[in-house]
Amino acid sequence: MASAGDNLCPVCRSRLKSGPANLFPRAIYYQCPKCGQFGLTASAEAQLFNLLATPRNESVLSYAISKAPRTGPDTPVFDFEDCNKIVEADFLPTPQEQAENLIRWLGDHLGGPGEMLHLSFPTLPFS
Ligand SMILES: [Zn+2]
């Protein structure tokens, strides 16, 4: 299980960009290259291991967290009930939706026609 001290994302187990940080008594914040910036309540972090028993469940939760809006004070904090509902909903984008997301992401991140961009799976926010 990823715990607050091992510098791995408790959801997808990627190496964190920074953190974890306990900015408030009941939440732990993470900067994950795959999930993005998010927070978990302490009880959610403690119970996540059983919920993420399969790679699909990890992917479902990581994808949902990555799609939650985030900036500064609006960083989402998930409690265990939120995580459980996301995993039960079992939503992942279809291959077609993933391709469309890639095209949109390229449009947002390329400087213009003919520009090149090197990609790797850990850096893609929607993989
Ligand atoms: Zn993650």
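Leaving aside neighbours within four places in sequence, Leu-61 is in contact with Val-11, Leu-52, Cys-83, Ile-86 and Val-87. Leu-61 is also one of the buried residues of helix α2. This is a predicted model, and Leu-61 is a good place to start reading it.

**Overall layout**

The protein chain has four helices and four strands. Along the sequence they follow the pattern β-β-β-α-α-β-α-α. The chain has 127 residues, and buried residues make up 24% of them. Many contacts reach far along the sequence. Among contacts with a separation of 6 or more, 55% join residues 24 or more positions apart.

**The core and helix α2**

In soluble globular proteins, nonpolar side chains tend to be buried together. Here the largest nonpolar core holds 21 residues. Val-11, Cys-35, Leu-61, Ile-65 and Cys-83 touch the most other members. Two or more residues each come from β2 (27–32), β3, α1, α2 and α3. Which element gives the most to this core? Helix α2 does, with five residues.

Helix α2 covers residues 55–67 and has 13 residues. From its first C-alpha to its last it reaches 18 Å, close to the 18 Å expected at 1.5 Å a residue. Its buried residues are Glu-58, Val-60, Leu-61, Ser-62, Tyr-63, Ala-64, Ile-65 and Ser-66. What covers them includes β3 (36–41), β4 (77–78) and α3. The list of buried residues thus takes in Leu-61 and Ile-65, and both of these are also among the core members that touch the most others.

**Helix α1 against helix α3**

Helix α1 (residues 42–51) packs with α3 at an angle of about 30 degrees, and their axes are 9 Å apart. Angles under 35 degrees count as roughly parallel, so α1 is roughly parallel to α3. On the α1 side, the contact is made by Ser-43, Ala-44, Gln-47, Leu-48 and Leu-51. On the α3 side, it is made by Phe-80, Cys-83, Asn-84 and Val-87. These residues divide into six nonpolar, three polar and no charged.

Asn-84 belongs to helix α3. Is Asn-84 exposed, partly exposed or buried? It has 16 other C-beta atoms within 10 Å, so it counts as partly exposed. Cys-83 appears in this contact too, and Cys-83 is also in contact with Leu-61. Val-87 likewise takes part in the α1 and α3 contact and touches Leu-61.

**Pairs that meet across the sequence**

The table gives three pairs of residues with their C-alpha to C-alpha distances.

| Pair | Apart in sequence | C-alpha to C-alpha distance |
|---|---|---|
| Asn-84 and Leu-51 | 33 residues | 7.1 Å |
| Ala-89 and Val-60 | 29 residues | 8.6 Å |
| Asp-90 and Ser-59 | 31 residues | 9.3 Å |

Ala-89 lies in helix α3. It is exposed, with 9 other C-beta atoms within 10 Å. Its partner in the table, Val-60, is buried in α2. Asp-90 sits in the loop between α3 (80–89) and α4. Asp-90 is exposed as well, with 9 other C-beta atoms within 10 Å.

**Unusual backbone angles**

Most residues other than glycine have a negative phi. Two residues here go the other way. Asp-90 has a positive phi of about 55 degrees, although it is not a glycine. Arg-13 has a positive phi of about 70 degrees, and it is not a glycine either. Arg-13 is found in the segment before β1 (18–24). With 15 C-beta neighbours inside 10 Å, Arg-13 counts as partly exposed.

**Helix α4**

Helix α4 takes in residues 95–109. How many of its 15 residues are buried? The number is zero, so α4 lies largely in the open. Its length agrees with expectation. At 1.5 Å a residue, its 15 residues should span 21 Å, and its end C-alpha atoms are 21 Å apart. In α2, by contrast, residues such as Tyr-63 and Ala-64 are buried.

Technical notes:
Residues are numbered from 1 along each chain as its sequence is written. This is a predicted model: local features need pLDDT of at least 70, side-chain atom pairs count only at pLDDT 80 or more; totals for chains, interfaces and linings use all residues. The expected span of a helix is 1.5 Å times one less than its number of residues. A residue is buried if 20 or more other C-beta atoms lie within 10 Å of its own, exposed if 12 or fewer, and partly exposed in between; C-beta atoms are placed from the backbone. Axes are lines fitted to C-alpha atoms, for helices over the stretch in contact, and angles run from 0 to 180 degrees between N-to-C directions. Angles under 35 degrees count as roughly parallel, over 145 as roughly antiparallel, 65 to 115 as roughly perpendicular and the rest as oblique. Two residues are in contact if their C-beta atoms, placed from the backbone, lie within 7 Å. Ala, Val, Leu, Ile, Met, Phe, Trp, Tyr, Cys and Pro count as nonpolar, Asp, Glu, Lys and Arg as charged, and the others, Gly among them, as polar. A nonpolar core is a set of buried Ala, Val, Leu, Ile, Met, Phe, Trp, Tyr and Cys residues joined through C-beta atoms within 7 Å.
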